Amino acid sequence: MSADAPYPLEPSAAEMHRLVEAAMARIVPHLTSLPDQRSADVAGAVDLAREISGPMPDSGRPFEQILDLLFNRAIPKTFNTAGPGYLAYIPGGGLFVAAVADLIADTANRYTGVFAAAPALAQLEADALAWLAEIAGFPKAARGFFTSGGSLANWSALVVARRERLPENFLSGTIYASDQVHHSMVKAALLAGFPPDRVREIPTDDLYRMQPERVAERIAADRAAGLTPFLIVASAGTTNTGAVDPLEAIADLAEREKLWLHIDGAYGACFLLTEAGRKAFRGLERADSLSIDPHKGLFLPYGIGALLVRDGEALRRAHAVGADYMPYLQSDPDLVDFCEISPELSKPFRGLRLWLALQLHGVQAFRDALEEKLALTHFAAEELRATPEIEILAEPQLSVIAFRHRPPGVEGEALNEWNRNLLDRINAHGRVYLSGTNLRGAFAIRICVLSFRTHRDRMEACLEDVRAAIADGGAG
Ligand SMILES: *Cc1c(COP(=O)(O)O)cnc(C)c1O
């Protein structure tokens with residue numbers, strides 16, 4: 001910032017251009033070189049973190065220096081979650097247009113928590129949510145809001161279910177989820193004030209899916225013990241293996257038992273845009289609420305999840321609290337004040353990211369990309385099946401596959417150790433980054449395909465590196 005400007009917090013027009021262009025001069029080469037960057041590199045990153053930590057500066061310093069720090073030092077020393085080789089955990093996105101949307105949203109800085117303050121902008125956000133509800137097959141009366149991610153969407157879902165189905169004194173309420181449910185659900189229960197044991201972990205079948213009969217048994221036992229079952233959480237794609245619970249049967253059960261049905265589709269629900277996803281998720285449209293993360297399956301940058309609730313009025317009942325100093329709020333049921341149906345008041349205009357991405361690319365581009373992810377996963381599965389001594393521990397239901405290498409004569413903990421080392425050797429090639437998990441005592445290597453930047457060439461590289469790492473282990 002030039003020192004002679006009278007108000008340094010208000011850059012001139014030329015200065016604004018300079019700032020953005022200087023940032024773009026780093027961003028574009030960074031993005032275009034993503035395929036050649038290492039899939040993860042955190043060697044020395046902890047020392048770097050300590051080294052660059054510093055006191056609050058009293059006066060500013062040149063932007064170029066700061067960009068050097070970010071792009072030359074901090075950004076390279078990370079898991080490359082935006083790169084095509086990131087196949088670990090649940091891969092991140094980072095569509096470029098979303099960053100442009102954020103720039104517009106942040107510089108316009110309008111107030112979208114209250115409809116009256118920016119009616120047309122609040123409507124764009126409501127539209128983006130209505131499109132998600134349409135994808136989910138929810139009715140017109142459904143409402144939703146954007147959150148920072150799936151964890152907070154799950155938390156809000158649980159709080160709404162609690163308001164709708166339990167009395168003020170809710171401690172006898174019990175929640176049913178599979179032993180594969182995302183841990184954010186247990187955290188949500190804790191944050192909502194439930195003792196940890198109120199979340200009943202229901203055993204899964206050999207495909208890691210919740211077993212409705214076991215849920216029914218547990219509900220009956222809990223009722224007999226004087227507890228108050230109120231919520232079933234089904235997973236439309238678990239994080240661990242991409243397992244899809246039998247949604248239709250669980251919806252029947254929830255209906256019969258009059259329990260709230262929440263579906264955690266943070267990872268998987270966007271596959272509703274694909275043919276296979278629609279088939280796998282039959283029954284999802286009957287849920288009372290659904291978490292769906294655009295920062296996963298719609299490839300947006302981190303910081304946007306969504307909660308959809310079939311009866312929009314339930315959201316209002318759980319959240320609406322008035323105050324004298326608030327502006328005029330809507331009574332027209334078609335118009336939404338997000339502050340009345342969600343925990344936030346002031347909030348970022350998150351919806352613009354999704355709205356702009358869909359306006360610019362159209363939904364077909366997302367369908368195609370998601371179909372490509374499924375096809376890549378099936379390709380990987382076929383190749384792994386054809387590789388000697390590889391055992392598939394979880395066949396793909398969506399875009400996750402879990403496997404291990406099983407050399408003859410290696411069993412038990414030694415086999416787990418063998419595969420942990422194998423994972424390290426695969427990742428050491430630097431072309432892909434995979435993660436591991438524990439499947440009923442077996443250490444498994446996971447491949448999760450969800451980045452819009454991952455294509456066939458990268459999957460071939462992945463399989464080459466898996467085979468090479470197996471060969472290295474044999475020799476060593
Ligand atoms: C990622 C994930 C979450 C948590 O979402 P965040 O956006 O990381 O908070 C919840 N459930 C499932 C199934 C997930 O995959």
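Helices α1 (13-32) and α4 (96-108) each contribute at least two residues to the lining of the largest pocket in this structure, which is a predicted model. Of the two helices, α1 deserves a closer look, as the largest share of that lining, six residues, comes from α1. The pocket itself encloses about 840 Å³ of space. It is lined by 31 residues, and those closest to its centre are Ile27, His30, Leu31, Phe71 and Ala99. Sorted by class, the lining of the largest pocket holds 19 nonpolar, eight polar and four charged residues. On the level of domains, at least three lining residues are drawn from domain 1 (13-78) and at least three from domain 2 (102-361).

The second largest pocket comes next, with about 430 Å³ of space. Here 20 residues form the lining, and Ala126, Ala130, Lys140, Ala142 and Arg143 are the closest to the centre of the pocket. Three elements, α5 (119-136), β1 (143-147) and α13 (338-341), each supply at least two residues of this lining. The largest share belongs to α5, with eight residues. In terms of residue class, the lining of the second largest pocket is made up of 13 nonpolar, two polar and five charged residues.

Turning from open pockets to enclosed space, the count gives one cavity of 30 Å³ or more. The space in the largest cavity comes to about 30 Å³. For readers who would like to find this cavity in the structure, the lining consists of Leu34, Gln37, Arg38, Ser39, Asn80, Gly83, Pro84, Gly85, Tyr86, Arg431 and Arg458. These lining residues divide into three nonpolar, five polar and three charged.

A last point concerns helix packing. Two packed helices are described by the angle between their axes and by the distance between those axes. For helix α2 (residues 45-52) and helix α3 (residues 63-74), the axes come within 12 Å and cross at roughly 165°. Since angles over 145 degrees count as roughly antiparallel, this crossing makes α2 roughly antiparallel to α3. As for handedness, the crossing of α2 and α3 is right-handed.

How values were computed: Residues numbered from 1 in each chain as written. Predicted model: local features only at pLDDT ≥ 70, side-chain atom pairs only at ≥ 80, totals over all residues. Heavy atoms only, no water. 1 Å grid on protein atoms, 1.4 Å probe; cavity = no way out; pocket = protein on both sides within 12 Å on 5 of 7 lines; lining within 4 Å. Points joined across faces, edges and corners; volume = space filled by probe spheres on them. Helix = DSSP H or I, 4+ residues; strand = E, 2+ residues; numbered from the N terminus. Nonpolar A, V, L, I, M, F, W, Y, C, P; charged D, E, K, R; others polar. Domains from an automatic or database assignment. Axes fitted to C-alpha atoms, helices over the stretch in contact; angles between N-to-C directions. Parallel < 35°, antiparallel > 145°, perpendicular 65-115°, else oblique. Left-handed = near helix turned anticlockwise from the far one by under 90°.
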